[in-house]
Amino acid sequence: MKIKKFSEKPSDLKDRIGAKPVVCYPNTNIEEKNLSILHSAREHLVKKEEIIIELDIEERLLSANVDEGKKFSKKCVACHSFEIDGPNKIGPNLYNIQSREIASIASFKYSKALISKTGKWDNNNLDSFLKKPKEWAPGTKMSYVGIKKGEDRANVIKYLQSLK
């Protein structure tokens with residue numbers, strides 16, 4: 001009989017994969033057949049924790065939908081306006097934001113975090129900011145947590161592109 005060692009506690013595996021693994025204890029010998037069951041449980045764990053790789057914003061914009069973006073942006077109207085010459089609210093007016101300099105509306109008081117950013121609101125900057133505003137611009141006044149789904153962010157950006 002071939003003997004191998006396994007060093008993970010069964011309770012750890014049970015908690016992480018939701019199934020009861022073979023009973024064994026750290027650094028103890030177990031039979032080959034039981035080891036294969038543990039490897040199977042570990043593979044299940046890896047599959048459960050797969051990392052989803054998001055498509056580039058330019059690729060997501062190819063299939064983005066303006067109407068879906070407009071619908072999603074209804075959540076934003078409490079703090080932003082979207083019409084030409086619309087008022088600044090808690091946040092700045094977002095009409096014609098695409099390709100505009102970051103923190104460039106003179107009548108709006110931006111946070112130091114956004115004032116320190118250079119460049120324009122291009123697709124990449126918009127995508128990063130909309131994903132996690134506080135990560136992209138630490139210290140931003142924007143309290144919104146961000147848009148988790150890349151497809152939703154692409155739809156919103158496609159809608160913002162249409163506001164010209």
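I looked up Trp 121 first. Its relative accessibility is 6%, so I logged Trp 121 as buried. I am working from a predicted model.

Next I checked the ring partner of Trp 121. Trp 121 and Trp 136 form an aromatic pair. The ring centres sit 5.4 Å apart, with 35 degrees between the planes, and the pair is tilted. Trp 121 is in the loop between helix 5 and helix 6, while Trp 136 is in helix 7 (residues 133-136). The pair therefore ties together parts that are 15 residues apart in sequence. I also read the accessibility of Trp 136. At 15% it falls under the 20% cut-off, so Trp 136 is buried.

I then asked which residues form one aromatic cluster with Trp 121. They are Phe 129 and Trp 136.

I noted the total for the structure: 5 aromatic pairs. One of these joins Phe 108 and Tyr 110. Their ring centres are 4.8 Å apart and their planes stand at 75 degrees, so I entered the pair as edge-to-face. Is Phe 108 buried or exposed? Phe 108 is buried, with a relative accessible area of 13%. Tyr 110 counts as buried too, at 12% relative accessibility.

Last, I turned to the surface. Asp 122 lies in the loop between helix 5 (112-115) and helix 6 (123-131). Its relative accessibility is 34%, and I recorded Asp 122 as partly exposed because that value lies between the 20% and 50% cut-offs. Which residues form a negative surface patch with Asp 122? I found Asp 56, Glu 58 and Glu 59.

How values were computed:
Residues are numbered from 1 along each chain as its sequence is written. This is a predicted model: local features need pLDDT of at least 70, side-chain atom pairs count only at pLDDT 80 or more; totals for chains, interfaces and linings use all residues. Side-chain values use heavy atoms; hydrogens and water are left out. Patches are made of residues with over 30% relative accessible area and no salt bridge: like charges are joined within 9 Å, nonpolar side chains (Val, Leu, Ile, Met, Phe, Trp, Tyr) within 5 Å. Accessible areas come from the Shrake-Rupley method with a 1.4 Å probe; for residues, only the protein chains shown count as cover. A salt bridge is a side-chain nitrogen of Lys or Arg within 4 Å of a carboxyl oxygen of Asp or Glu. Lys and Arg count as positive and Asp and Glu as negative; His and the chain ends are not counted. The place of a charge is taken as NZ of Lys, CZ of Arg, CG of Asp or CD of Glu. Helices (H or I, at least four residues) and strands (E, at least two) are DSSP runs, numbered from the N terminus. Buried means under 20% relative accessible area, exposed over 50%, partly exposed in between (1.4 Å probe, protein chains only). Rings of Phe, Tyr and Trp (its six-membered ring) pair if their centres lie within 6.5 Å; planes under 30 degrees apart count as stacked, over 60 as edge-to-face and the rest as tilted.
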